[in-house]
Every structure is written in structure tokens, then in C-alpha cells.
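New to this one? Here's a quick briefing to help you find your way around, topic by topic.

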Amino acid sequence: MPKVKVNDTLINYEKAGSGSTVALCIPGALGSALSDFSPQLKSLAGPELTLIAIDLPGYGLSRPPPRRFGPDFYTDDARVAGDLMEALGYERYHVLGWSDGGNSAVILAALRPQSVTKLVIWGANAYYTDKLGNVVKAMRNIEDWPEADRAPMLELYGEDYFRSMWTEWVDVTLAFKDVSNGTCMRETREVQCPTLVVHGAKDEYFEMEDPEYFVKNIPNAKLHVFPEAKHNLHIEYADEFNKVVAEFLAGR
């Protein structure tokens, strides 16, 4: 579990694979490198591809300091992720982002077009829909989480930190519904690299309009839909997901 100092914060990351091609993985809300990307670190990484999965500040083992959600936290996370890759000596790399991490991945691609060579996002949203807002409100109380989702967070963070962090996340993200740029609408239109948008047709949070927005507004983007998959499709359908992503990154 190596750490590197990025902007005066020790950032934890996981590294797997030995390939000359490198991809950065950005996790979702409250997620860590291991909680969100274990199937990719195990099987997508290999002799052709090196994966770097980050614990964002306040998440996973990148603590202290505790997590804080400012109004620009998606951009803040994108900058930290880019700074980590710079600190590790990677000048050009692909980016994979899931859920919240997908939003930050889009922003990172827009901020560093000279560095981000390909982009893969899934479970991301450029703006807040009514469906997402209603689901988030219904999940505000961690007691209402499915046990399979709640238990790992309790183990990783403990109840007090998990509860306070999640409550703050809910309050801040719901405010994006009233922001003209949404979470990353402007940055979506600024992405220059080839992009793969993956979507689970049974995603609990997002309608088809969410991935379609990215495909329509990123010039060189394509969509791959898993008909039976939900939000965590890269875990639920890890082998199939890894194959689709590997082929896209390899240009096949």
C-alpha cells in the first residue's frame, strides 16, 4: 500500500500490472482503490497494462485529513488524481472512472488533454436528474442502505465517519441540481480523447439519458451497454467488463 505526498497530503494508491501502457482508476463516492477496483487490479492489469488506483483525499487509506466536500470537489479530485500521476512520473495515461470518479475523470481529461490518452467512464452523470435526486434522498440514512453495500463502508470507516461523510456528500451533491454546469457539463464538451461510455441498463441511479449525454457531447465517444447490469457493473460482470475495456484501450 504505497503512499506519495501530493499537495501536502499523503495519497494512498494501489498498483498492479507491468505494462508500458498505464491507466489511472478513480473510485466512486466514499470508495477506495480496493473496494471499487479489486477485479480490475486482479485481472485487467497484466503484462500489457499497468493500473494505478487512487484513494482520493479522505477516502480509503488517504487519511488524515478527513474528507471534505466543497462545491468543486469533483474538480478538486480530478486535480489530485492528475497530480498523483505526475508525482509518479507518468506523462501520458488512460483514465477509468466509476460513478463520482467518472465525473472527475471527465474533468481530468478536460484539464489535461496532453496527458489523458483515452477515457472510460461508467455510472457517471454530467448533471442531476430527478431520478437521481430522489434515490439519493432516499439513501440519506445509512440504515436504509442494502447490507451488502453498508457493511464494507462500516468496516473501512467506522460508523461515525461513514455517517458524517455520507450525510455531507448527500447535501453537497443534491445542490448540483441547481448548478448551471451540473457536475461536469462544460468539461464533457471539452474532452478531446477517444472515450468509451459503459452503462448498465438496470442501473439503480441513472437513466439511459445519462450515458447518452456523454456520447452526444464528447466528439470521439462510443457507448457499450450491458443489458442486465446495474450500477456496479464492473464488479458484477467483471470478466465481461474487463474484456470490453481491454479491447478499447488496445485499439481493437
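What follows is a short tour, starting with the sheet and ending with a few single residues.

Keep in mind that this is a predicted model. At its heart, for our purposes, is an open sheet of eight strands with mixed pairing. The notes below start there, then move to helices and loops.

**The sheet as a whole**

- Reading across the open sheet, the strand order is 1-2-4-3-5-6-7-8.
- Which strands sit at the edges? They are strand 1 (3-6) and strand 8, each of which pairs on one side only.
- On average, neighbouring strands of this sheet are turned by 25 degrees against each other, with direction ignored.
- Helix 8 packs on the sheet and touches strand 6 (116-122), strand 7 and strand 8. The direction of helix 8 makes about 160 degrees with that of strand 8.

**Strands 1, 2 and 4**

- Strand 1 and strand 2 run antiparallel and are joined by four bridges. Within this pair, Val-4 stands opposite Ile-11 in strand 2.
- The two strands make a hairpin with two residues between them. Asn-7, in the turn, has a positive phi of about 50 degrees.
- Asp-8 also lies in the loop between strand 1 and strand 2. Its phi is near 70 degrees, a positive value in a residue other than glycine.
- Is Asp-8 buried or exposed? Asp-8 has a relative accessible area of 72%, so it counts as exposed, the cut-off being over 50%.
- In a regular strand, side chains alternate between the two faces of the sheet. Strand 1 shows such an alternation: Val-4 and Val-6 point to one face and are buried, while Lys-3 and Lys-5 point to the other and are not.
- Strand 2 (residues 9-16) is also joined to strand 4 (residues 49-54) by four bridges, and these two run antiparallel. Here Ala-16 has Leu-51 in strand 4 as its bridge partner.

**Strands 7 and 8**

- At the other end of the strand order, strand 7 (residues 195-200) and strand 8 (residues 221-226) pair in the parallel sense over six bridges.
- Val-198 stands opposite His-224 in strand 8.
- How does the chain get from strand 7 to strand 8? It crosses through helix 8 (residues 209-217), and this β-α-β crossover is right-handed.

**Helix 1 against helix 10**

- Helix 1 (residues 33-43) and helix 10 (residues 238-250) pack at an angle of about 65 degrees, and their axes are 10 Å apart.
- The crossing of helix 1 past helix 10 is right-handed.
- Pro-39, Gln-40 and Ser-43 on the helix 1 side meet Ala-238, Phe-241 and Asn-242 on the helix 10 side. By class, this contact has three nonpolar, three polar and no charged residues.
- Asp-239 has its place in helix 10 too. With a relative accessible area of 60%, Asp-239 is exposed.
- Asp-239 and Ala-151 are 88 residues apart in sequence, and their C-alpha atoms are 24 Å apart in space.

**A buried residue in strand 3**

- Ile-26 is found in strand 3 (residues 21-26). Ile-26 counts as buried because its relative accessibility is 0%, and the cut-off for that is under 20%.
- Which residues does Ile-26 touch, leaving aside neighbours within four places in sequence? Its contacts include Phe-37, Ile-54, Leu-56, Val-95, Trp-98 and Leu-108.
- Gly-101 is another of these contacts. Ile-26 and Gly-101 are 75 residues apart along the chain, yet their C-alpha atoms are separated by 4.7 Å.

**Backbone details in the loops**

- Leu-30 lies in the loop between strand 3 and helix 1. Leu-30 is not a glycine, but it has a positive phi of about 65 degrees.
- Leu-30 is buried, with a relative accessible area of 0%.
- Pro-64 lies in the loop between strand 4 and helix 2 (73-87), and so does Pro-65.
- A cis peptide bond joins Arg-63 and Pro-64, with omega about -5 degrees. Another cis peptide bond joins Pro-64 and Pro-65, where omega is about 0 degrees.

Technical notes:
Residues are numbered from 1 along each chain as its sequence is written. This is a predicted model: local features need pLDDT of at least 70, side-chain atom pairs count only at pLDDT 80 or more; totals for chains, interfaces and linings use all residues. Side-chain values use heavy atoms; hydrogens and water are left out. Axes are lines fitted to C-alpha atoms, for helices over the stretch in contact, and angles run from 0 to 180 degrees between N-to-C directions. A crossing is left-handed if the near helix is turned anticlockwise from the far one by less than a right angle, and right-handed if clockwise. Contact means heavy atoms within 4.5 Å. Ala, Val, Leu, Ile, Met, Phe, Trp, Tyr, Cys and Pro count as nonpolar, Asp, Glu, Lys and Arg as charged, and the others, Gly among them, as polar. Two strands pair if DSSP finds at least two bridges between them. A crossover is right-handed if, with the strands pointing away from the viewer, the path from the first strand over the helix to the second runs clockwise. Buried means under 20% relative accessible area, exposed over 50%, partly exposed in between (1.4 Å probe, protein chains only).
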